[in-house]
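Trainee: Could you take me through one part of this structure slowly? I'd like to look closely at a single spot and then see what else is around in the model.

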Amino acid sequence: MKKSFLVVLLVLLAVFAFGKTYTVGTSADFPPFEYVESGEFVGFDMDLIRAIADEMGFEVKIVDMAFDSLIAALASGNLDMVIAGMTITDDREQVVDFSTPYWVADQSVVVKKGSGLNITVLFGKHNVGVQTGTTADLWVEENLVNTKILTGHFKRYETFVLAMTDLVNENVDAIVLDSPVAEMYAKSRPVEIVGIIKTGEEYGIAVPEGNKELLNLINEGIKRLQESGEIEEIISKYF
């Protein structure tokens with residue numbers, strides 16, 4: 001009986017989604033998860049959401065905006081879902097629902113190569129940058145700024161590109177960002193990782209609170225891609 005009900009549910013989900021186009025919000029300054037290349041949105045998240053769409057029979061329209069605007073746009077109905085290397089947190093779950101986690105990450109401390117700085121850059125009168133609204137933003141504020149461990153300038157940026165540019169130009173001493181992204185930047189910019197903050201944060205795809213049909217659709221897509229091995233293929237492409 002339970003198995004029959006599950007089959008019926010999956011059929012209904014497929015009918016619900018077939019041919020529909022969902023507006024997907026992202027913040028395309030976060031390689032290797034989402035970025036723009038030759039005018040196209042590319043990256044792990046972009047491949048993942050397109051693969052889910054193909055598997056579950058719907059279309060996606062991707063919209064780029066500032067990271068700290070994504071939750072508000074989703075809650076207001078301007079977006080159907082968000083995939084943007086977004087960590088599942090209690091605060092966010094008060095206003096949106098998240099899919100099954102599809103990635104686990106930590107935070108990296110990045111400095112300019114040759115600066116001679118190390119993990120102690122997070123202490124004292126150093127200037128540290130983060131992207132607004134990210135896990136790094138919350139972690140640095142709670143653990144370093146509010147506790148007075150960091151007494152230098154704490155600077156927030158709309159994008160990681162701006163933060164990285166200021167780091168290279170020596171306007172800040174360090175930036176804190178998700179480890180996979182830090183590793184990507186370290187390959188192409190004169191910067192280096194000097195420390196890892198073990199946060200074990202999980203990324204999820206966000207949908208409007210209470211939209212169980214869409215959430216089940218996405219979760220089923222993730223499950224199928226995991227079972228088929230396609231997610232591993234996408235991972236190997238970017239990491």
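Trainee: How much space lies in the largest pocket?

Mentor: Keep in mind that this is a predicted model. The largest pocket holds about 220 Å³ of space. To find its walls, look for F67, D68, I71, M86, T89, D90, D91, R92, G133 and L138, which line the pocket. Sort that lining by character and you get 4 nonpolar, 2 polar and 4 charged residues. Helix α4, residues 90-93, gives the largest share of the lining, with 3 residues. As for how such spaces are spotted, rolling a probe the size of a water molecule over the atoms shows where empty space is left.

Now let's move on to a helix. Helix α2 covers residues 44-56, and its 13 residues reach 18 Å from first C-alpha to last, close to the 18 Å expected. Of those 13 residues, 10 are buried, so α2 is largely enclosed by the rest of the structure. Among the buried ones are F44, M46, L48, I49 and I52. Right after α2 comes G57, with a positive phi near 80 degrees.

Last, find the open sheet of 5 strands, ordered β10-β9-β11-β8-β12 with mixed pairing. β10 (154-157) and β12 (191-203) sit at the edges with a single partner strand each, so one side of each has no neighbour in the sheet. On average, neighbouring strands here are turned by 25 degrees against each other, ignoring direction. Further in, β8 (residues 103-112) and β11 (residues 174-178) run antiparallel and are joined by 4 bridges. For one bridge to trace yourself, start at V110 and go to its partner I175 in β11.

Definitions and conventions: Residues numbered from 1 in each chain as written. Predicted model: local features only at pLDDT ≥ 70, side-chain atom pairs only at ≥ 80, totals over all residues. Heavy atoms only, no water. 1 Å grid on protein atoms, 1.4 Å probe; cavity = no way out; pocket = protein on both sides within 12 Å on 5 of 7 lines; lining within 4 Å. Points joined across faces, edges and corners; volume = space filled by probe spheres on them. Helix = DSSP H or I, 4+ residues; strand = E, 2+ residues; numbered from the N terminus. Nonpolar A, V, L, I, M, F, W, Y, C, P; charged D, E, K, R; others polar. Expected span 1.5 Å × (residues − 1). Buried < 20%, exposed > 50% of the residue type's maximum accessible area, 1.4 Å probe, protein only. Pairing = 2+ DSSP bridges. Axes fitted to C-alpha atoms, helices over the stretch in contact; angles between N-to-C directions.
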